[in-house]
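Visitor: I have a structure open and want to go through its charged pairs, then the sheet and the core. Can we start with what counts as a salt bridge?

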Amino acid sequence: MSYSFSGIDHVQLAAPKGSEDEARKFFVDILGMVEIPKPANLAKRGGVWFQVGTHQLHIGIQDDFVPAKKAHPAFHVNNLEAFRERLVKRGVKVKEDEPLEGANRFYVDDPFGNRIEFLERINH
């Protein structure tokens, strides 16, 4: 094969028009992600970008926005329980799901109703 995949660069979630400040409050202030600048030629579209480890999360503005209730990104978190405590203290509703062998995990909804998974792999 003359090509190969090497990973994921970014994941994009949609949000309603004018929601950039609300996104910053949630993804930076509550979750602890770091905002990164959008390229000037893309900034005119609105939205906001965040660094998540070696990957990026892009929040894109969508005129006919509908939240993603099933499709979702899943982020690895070191010390998932400490992260869970942080979210609960900040009033974020943590949702449990069916167990996943080899991992602890939970879900939250962003302020726009998009589903997000956080997980930590466990060694047996």
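Guide: A salt bridge here is a side-chain nitrogen of Lys or Arg within 4 Å of a carboxyl oxygen of Asp or Glu. Keep in mind that this is a predicted model.

Visitor: OK. How far apart are N and O in the salt bridge of Asp 109 and Lys 95?

Guide: The N to O distance is 2.5 Å, and the two side chains meet in a salt bridge. This pair links distant parts of the chain, 14 residues apart: Asp 109 belongs to strand β6 (residues 103-109), while Lys 95 sits in the loop between α3 (80-89) and β6.

Visitor: Are those two buried or exposed?

Guide: Neither label applies. Asp 109 is partly exposed at 26% relative accessibility, and Lys 95 is partly exposed at 31%.

Visitor: How many salt bridges are there in the whole structure?

Guide: A search of the whole structure gives eight. One of them joins Asp 21 and Arg 24, with the closest N and O atoms 3.1 Å apart.

Visitor: Where are Asp 21 and Arg 24 relative to each other?

Guide: Both are in helix α1 (residues 20-30); because they are three residues apart there, about one helical turn separates them. Asp 21 is exposed, with a relative accessible area of 52%. Arg 24 is partly exposed, at 29%.

Visitor: What about Arg 105, which residue does it form a salt bridge with?

Guide: Glu 117, with the closest N and O atoms 3.4 Å apart. The partners lie twelve residues apart in the chain, Arg 105 in β6 and Glu 117 in strand β7 (residues 115-121).

Visitor: Buried or exposed, those two?

Guide: Arg 105 and Glu 117 are both buried. They also belong to a network of salt bridges that links them with Asp 97 and Arg 115.

Visitor: Switching to the sheet. What is the strand order?

Guide: The order is β5-β7-β6, three strands in an open sheet with mixed pairing. β5 (74-76) and β6 are the edge strands, each pairing on one side only. On average, neighbouring strands of this sheet are turned by 25° against each other, direction ignored.

Visitor: How do β6 and β7 run, parallel or antiparallel?

Guide: Antiparallel, joined by seven bridges. Among the facing residues, Tyr 107 stands opposite Glu 117, and Ala 103 has Arg 121 as its bridge partner.

Visitor: And what is between the two strands?

Guide: Five residues, the two strands forming a hairpin. Gly 113 in the turn has a positive phi of about 95°.

Visitor: Which helix lies across these strands?

Guide: α3 lies across β6 and β7, at about 20° to β6. As for burial, β6 is mostly covered, with five of its seven residues buried.

Visitor: Last topic, the core. How many residues are in the largest nonpolar one?

Guide: It has 27 residues. Those with the most contacts inside it are Phe 27, Leu 31, Leu 57, Ile 59, Leu 87, Val 108 and Phe 118. At least two residues each come from β1 (10-15), α1, β3 (48-52), β4 (55-61), α3, β6 and β7.

Visitor: Which element gives the most to this core?

Guide: α1, with four residues.

Visitor: And what does Leu 57 touch?

Guide: Leaving aside residues up to four places away in sequence, Leu 57 touches Val 11, Leu 13, Phe 27, Met 33, Val 48, Trp 49, Phe 50, Val 52 and Phe 75.

Key: Residues numbered from 1 in each chain as written. Predicted model: local features only at pLDDT ≥ 70, side-chain atom pairs only at ≥ 80, totals over all residues. Heavy atoms only, no water. Buried < 20%, exposed > 50% of the residue type's maximum accessible area, 1.4 Å probe, protein only. Pairing = 2+ DSSP bridges. Axes fitted to C-alpha atoms, helices over the stretch in contact; angles between N-to-C directions. Contact = heavy atoms within 4.5 Å. Core = buried A, V, L, I, M, F, W, Y, C linked by side-chain atoms within 4.5 Å.
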